[in-house]
Amino acid sequence: MAATQTAPAQQASPVPSMATSPGSAGSTTVGSGAIGAAEPAATRGRTSIADVVVVKISGMAAREIPGVYDMGGGLSRTLGAVRDRVPGGRPNVGRGVKVEVGERQTAIDLDLVVEYGVPISDVARDVRENVIAAVERITGLEVVEVNVTVNDVHLPDDEDESNSGTDTRVE
């Protein structure tokens with residue numbers, strides 16, 4: 001995919017234009033095809049990708065990296081833990097992921113919790129590489145940036161403390 005580059009001072013936003021389909025909030029048209037029987041079958045019609053698709057792909061790709069313990073800020077992780085315990089509830093793979101999707105490009109923000117002892121810069125680099133590769137391969141969108149924010153470090157003792165907190169004060 002060929003990309004046109006502009007000087008950073010000229011570019012107001014990493015994702016310059018948002019083309020959403022009428023009546024479908026959060027959906028971006030990736031390829032607008034030609035109409036008519038004379039056109040090749042592969043080019044007839046339009047392809048739209050919802051923002052939530054990019055969110056889920058990014059979340060899955062980030063979680064594949066060793067050293068990523070969880071994703072999201074403190075409140076979203078707490079709510080996610082409650083949701084995961086509800087029978088029939090599914091884990092939210094989009095927790096901690098924000099995206100901005102344009103016609104041909106996307107920008108992604110990730111909030112991570114890393115394991116104690118892993119080099120944060122290495123984890124962030126690996127997450128960026130994996131997320132970019134997955135999103136570009138699956139959607140065909142160009143990823144212009146992946147911003148990684150490390151919100152917390154998971155300590156080995158954290159799980160022991162949370163499990164021992166089941167004791168009640170009143171018997």
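**Notes on the predicted model: salt bridges and helix α3**

1. Let's start with Glu103, which counts as partly exposed because its relative accessibility is 31%. Its side chain meets that of Arg104 in a salt bridge, at 3.8 Å from N to O. Arg104 has 56% relative accessibility, so this residue counts as exposed. Keep in mind throughout that this is a predicted model.

2. Stepping back to the whole chain: there are four helices and six strands. Read from the N terminus, the order is β-β-α-β-α-β-β-α-β-α. Of the contacts between residues at least 6 apart in sequence, 66% join residues at least 24 apart.

3. On burial and surface, 29% of the 171 residues in the protein chain are buried. The chain exposes about 11000 Å², with carbon and sulfur atoms supplying 52% of that area.

4. Helix α3 deserves a look of its own. This helix covers residues 120-139, 20 residues in total, and spans 28 Å from first C-alpha to last, close to the 28 Å expected at 1.5 Å a residue. Right after α3 comes Gly140, with a positive phi of about 85°.

5. Which residues of α3 are buried? They are Val123, Ala124, Val127, Val131, Ala134, Val135 and Thr139. Looking down the axis of α3, the buried residues fall within an arc of 110°, so they line one face of the helix. Ser121, Glu129 and Arg137 sit on the other side of α3 and are exposed.

6. Back to charges: the structure holds five salt bridges, and α3 has a nice example. Arg125 pairs with Asp122, with the closest N and O atoms 3.3 Å apart. Both residues belong to helix α3 and are three residues apart, about one turn of the helix. As a reminder, an α-helix has 3.6 residues a turn, so residues three or four places apart point the same way.

7. Arg125 also has a salt bridge to Asp126, again side chain to side chain, at 3.3 Å from N to O. Through shared partners, the salt bridges join Asp122, Arg125 and Asp126 into one network.

8. Are the members of that network buried, partly exposed or exposed? Arg125 counts as partly exposed because its relative accessibility is 40%. Asp122 comes out as partly exposed at 30%, and Asp126 is partly exposed too, with a relative accessible area of 28%.

Terms used:
Residues numbered from 1 in each chain as written. Predicted model: local features only at pLDDT ≥ 70, side-chain atom pairs only at ≥ 80, totals over all residues. Heavy atoms only, no water. Helix = DSSP H or I, 4+ residues; strand = E, 2+ residues; numbered from the N terminus. Buried < 20%, exposed > 50% of the residue type's maximum accessible area, 1.4 Å probe, protein only. Contact = heavy atoms within 4.5 Å. Areas by Shrake-Rupley, 256 points an atom, 1.4 Å probe, with all protein chains shown as cover. Expected span 1.5 Å × (residues − 1). Arc of directions from axis to C-beta. Salt bridge = Lys/Arg side-chain N within 4 Å of Asp/Glu carboxyl O.
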